[in-house]
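Colleague: Please take a close look at the charged pairs in this model. Tell me where each partner sits and how open it is to solvent. Then move on to the nonpolar interior.

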Amino acid sequence: MSRTKLTWLVLIVLVWTAMMSFGGVAAETVMLYPNIFGDAPASLDRAREFLVAGGPSDYFPPLGATVVLSCLAGIALTWRNRRLRWYVAGAAAAFIACEFLFSVVFFWPRNEIMFVDPVGTHSPEYLRQVAEEFVAGHWVRLAGGAVTSALAFTALLRFARDTAPVRAM
C-alpha cells in the first residue's frame, strides 16, 4: 500500500473514531447524565441497577485506544508535511489530555466513589458533591472531544486538498 493511501486510511479512521467518541460523550451529556446525576444519591442507585449489561466503560476505552493509535499513526505519516502534522499532533494532545489523562485523574476516582464503593459507604451530601463535580468536569471532556474532532477533520480536509489531482483547463 502506498504511503498516500495509508495516510488516507489512517486519517479517515482518526476522524471517524474521534467523531464517534465526541458523539458518544455528547449523547451521554444529554441522555444519560440527567438521569444518572439528576437526583443523587437516588439517581446513582438507579444507574447502578440500570447499567448492568453494559455502559460507558464498555464503549469508551476501546474506542479511545483506537483514537490514540490512529493519532500516533497519523503523526508518523504526516510528520513531513508541516501543513498537517500540527493538526494531527494537536488532535492527539487534546484527546490524550482531555479524554485520557483527565479521566484517569478526575473521573475514575469519582466513578469509584459513586458506582463501585458499596452503597451506604458515603453520605448523601458527599455523593451529591461528587456527582456535581463529575458533571462540571465533564465539560472539559466534551470540549476536548470537540477540539480533537475539529483538528482531525481539518487535517483530513487539508490532506484531501494537498493530494487532489490538478486538472488542466
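**Salt bridges, then cores**

Modeller: Start with Arg83, which is partly exposed, at a relative accessible area of 36%. Keep in mind that this is a predicted model. Arg83 has a salt-bridge partner, Asp162, and their closest N and O atoms lie 3.3 Å apart. The two come from distant parts of the chain, 79 residues apart: Arg83 belongs to helix α4 (residues 82–116) and Asp162 to helix α5 (residues 124–163). Asp162 is also partly exposed, because its relative accessibility is 35% and the class runs from 20% to 50%.

In total, the structure holds three salt bridges. Take Glu133 and Arg110 next. Their closest N and O atoms are 3.0 Å apart. This pair, too, links distant parts of the chain, with Glu133 in helix α5 and Arg110 in helix α4, 23 residues apart. The partners fall into separate exposure classes. Glu133 is partly exposed, with a relative accessible area of 24%. Arg110 has 17% relative accessibility, so it counts as buried, the limit being under 20%.

The remaining bridge joins Arg128 to Glu125, with 3.8 Å between the closest N and O atoms. That value still meets the 4 Å cut-off. Here both partners lie in helix α5, three residues apart, or about one turn of the helix. Glu125 counts as exposed because its relative accessibility is 51%, and the threshold is over 50%. Arg128 has 34%, so it is partly exposed.

Now the interior. The largest nonpolar core has 16 residues. Which of them touch the most other members? They are Leu11, Leu14, Val67, Cys71, Ile75, Val88 and Ala152. Four elements each give two or more residues to this core: α1 (3–37), α3 (56–78), α4 and α5. Helix α4 supplies the largest share, six residues.

Leu11 deserves a closer look. Setting aside neighbours within four places in sequence, Leu11 is in contact with Val88, Ala155, Leu156 and Phe159. Another core lies apart from the largest one. That other core has 14 residues, including Phe37, Leu44, Val130 and Ala131.

To pull this together, α4 and α5 come up in both topics. They are linked by the Asp162–Arg83 pair and by the Glu133–Arg110 pair. Both helices also give two or more residues to the largest core.

Methods:
Residues are numbered from 1 along each chain as its sequence is written. This is a predicted model: local features need pLDDT of at least 70, side-chain atom pairs count only at pLDDT 80 or more; totals for chains, interfaces and linings use all residues. Side-chain values use heavy atoms; hydrogens and water are left out. A salt bridge is a side-chain nitrogen of Lys or Arg within 4 Å of a carboxyl oxygen of Asp or Glu. Buried means under 20% relative accessible area, exposed over 50%, partly exposed in between (1.4 Å probe, protein chains only). A nonpolar core is a set of buried Ala, Val, Leu, Ile, Met, Phe, Trp, Tyr and Cys residues joined through side-chain atoms within 4.5 Å. Contact means heavy atoms within 4.5 Å.
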